[in-house]
Each structure stands twice: as C-alpha cells, then as structure tokens.
Amino acid sequence: MTPHHNVPPGSEALIVQHMALVGHIVRETIARVPSHVDRDDLTSAGLAALVQAAHAFDESRGVPFSRYAATRVRGAIVDELRSIDWASRSVRRRARELDATRTTLANTLGRPATDAEVASSAGLSVEEVVANGDDVARAQVLSLHASEDNSFAETLVSTTPSPEVQAEHAERLTYLSEAVAELPERMRVVVEQYFLNERPMAEIAETLGVSESRISQIRAEALILLRDALNHELEPELVVPHARPQGCAAQRREAYFAAVATRHAAGVRRMAGGTPVNATA
C-alpha cells in the first residue's frame, strides 16, 4: 500500500496483519447464506471496513484492534447483506397478501386455488405470483418465520450461540424434520426435492407429471403448512385461525398438526428410552 496523507501511523500495518480476519468472518457468514450471495461482495465490504477501522483505531481506549476491527467488519457485512436482501419487505408483504388470497379462494372454491386464480383475484400476472413465491422460498430455506420487519441479515450472530439458543435451534430443526415427514405425500416430495436435493421445479414437475406452475403452488402451500405446524407447537399465539374452522380444509390442517405432535412425542419417548432419534428420518 502506498502511504498517503491523513493516515494514522501504523494503520497500514494493522490492515495487512488483519486481512485474514476479514476472510475468516466472510467464511463464517457465507456458510449461513444461500449460494447466490457473492463472496467477493462480502469480502470487499469487509476489507473496506477493515481500512476504516485501522484509520479510526485509538489504542488509548484499551480495546484490542482485532476485537474492534471484527465488530466493524461484521457490521459492514451485515449492511451488505441488507442491501442485497433476497426477500425484501415489499416481497414479504405481498406474500402475506397472496397467502390471504389463497386462503379466501380455497374457502370459496372448496379446493386449493391455482396460481392463475390467485393472480386474477390479486390483480397480478401469473408470472408475478410465481416470482413472488420464488423469492419467498429462498428466504424460507433460512427462516420459516420471515416477516416484514426481519431479514436474515439482522439475525446473523457474531459469537458462539449459548447452550439455550443451541437447544432451541435443535428443537426447531427436529420439529421441522417431523413436519416435513408428515406432509401429504406430494407436498413432501416437492419440499424434499426442491429444498434438500436442489432440483429445478421443471424436473420435479416432469417427475410428478404436473405443470411447473402447479409445483410452485404446491411448494407455497407446503411452506405455509410447515410454518403453521412449527408455530402450533412452539409459538401457538402466532397461528392464524382458519377462516372456516368447521370446514374440511381446517380439519385437515388440525389433523396434520396432530400428526406432527404425535410424531414428536414418539421421538421424545424413544429418546427417553435410550434410542437416539434420527432428526432426518
């Protein structure tokens, strides 16, 4: 680096010595985000923050530079993630509106609404409905509780999770695995093939003998069921009551919730008996 004016003495040495810190934080972060997030973008943001930290560092404050720089670098990476948030607030708001539209149409029609029917009712094109589902699905891989006021970037942690957080995370993953296993067969296949095996929707559609639009619809319905099942067991106050609680759709949903709870209870009993439970079963 070429020295220039207004650069505190020793700052360039600090930058060179701590460049590996940026790489470490980027690797730590990239493991928590989807593959389409660009590593170079995060690295650039981190390096820029490192330079700023080196220029602003005041040794007299008694804070080690590595700790000070790590905080600045993590903050810059979080800001970069916010700027490229793959499920913006407007996307999530529209997703909730489309969910409400699907529920209303299902109650009226007595069956799940097609994407074309949802689009027509919402005043959107079919392409916009499908694209919104794609955007939300990417976020749902990371969090089944995405909301207008939360983004994945805001949940990034910079320290090792506490035992309580680890236990809660493990319990949520167990419930999620059980909820996937209890999905109606076609929904389960779509979820497993799309999210776990990372197969394109076109391939899944060909395998199941339906249209790609139908796969998108099944995926959206499955994510809503999974979200509601987890909330039903872990945060029941978040479960939205069904518009027609005595209807067939509501009864099927309640039966699904009961099946998930039964599977979980069986797993707990097996664990208590000394038999390890495979959370991916």
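Arginine 227 counts as partly exposed in this predicted model, at 24% relative accessibility. Its salt-bridge partner, aspartate 228, sits at 7% and counts as buried, because the cut-off for buried is under 20% relative accessible area. The two side chains meet with N and O 3.3 Å apart. The pairing doesn't stop there: salt bridges that share partners link Arg227 and Asp228 with Asp99 and Arg253, giving one network.

Why would such side chains pair up at all? Opposite charges can do so when the charged atoms come close.

Across the whole structure, the search turns up eleven salt bridges. One of them joins glutamate 28 to arginine 74, and here the closest N and O atoms are 3.3 Å apart. Glutamate 28 belongs to helix 2 (residues 19-30) and arginine 74 to helix 4 (residues 65-83), so this pair ties together parts of the protein that are 46 residues apart in sequence. Glutamate 28 itself is partly exposed, with a relative accessible area of 22%.

Another salt bridge brings glutamate 203 together with arginine 199, again with 3.3 Å between the closest N and O atoms. How exposed is glutamate 203? It comes out at 39% relative accessibility, which makes glutamate 203 partly exposed. Arginine 199 is partly exposed too, with a relative accessible area of 23%.

Zooming out, what is the protein built from? It has twelve helices and zero strands, so anyone reading the elements from the N terminus just meets α after α, as in α-α-α-α-α-α-α-α-α-α-α-α. Of the 281 residues, 34% count as buried. The protein exposes about 16,000 Å², and carbon and sulfur atoms supply 54% of that area. As for contacts with a separation of 6 or more, 67% of them come from residues 24 or more positions apart.

Then there is the inside. The largest nonpolar core contains 22 residues, and the ones touching the most other members are Ala179, Leu183, Val191, Leu226 and Tyr256. Which helices feed this core with at least two residues each? They are helix 8 (163-181), helix 9 (185-196), helix 10 (201-208), helix 11 (212-234) and helix 12 (248-272). Helix 11 gives the largest share, with eight residues. A second core, separate from this one, has 19 residues, among them Ile15, Val37, Ala69 and Ala76.

Finally, a look at a single buried residue. Alanine 119 is part of helix 6, which covers residues 115-122. Is alanine 119 buried or exposed? With a relative accessible area of 1%, alanine 119 is buried, because that value falls under the 20% cut-off. Leaving out residues up to four places away in sequence, alanine 119 touches Leu124, Ser125, Val126 and Val129. Take valine 129 from that list: it is ten residues from alanine 119 in sequence, and the two C-alpha atoms are 6.2 Å apart in space.

Technical notes
Residues numbered from 1 in each chain as written. Predicted model: local features only at pLDDT ≥ 70, side-chain atom pairs only at ≥ 80, totals over all residues. Heavy atoms only, no water. Helix = DSSP H or I, 4+ residues; strand = E, 2+ residues; numbered from the N terminus. Buried < 20%, exposed > 50% of the residue type's maximum accessible area, 1.4 Å probe, protein only. Contact = heavy atoms within 4.5 Å. Areas by Shrake-Rupley, 256 points an atom, 1.4 Å probe, with all protein chains shown as cover. Core = buried A, V, L, I, M, F, W, Y, C linked by side-chain atoms within 4.5 Å. Salt bridge = Lys/Arg side-chain N within 4 Å of Asp/Glu carboxyl O.
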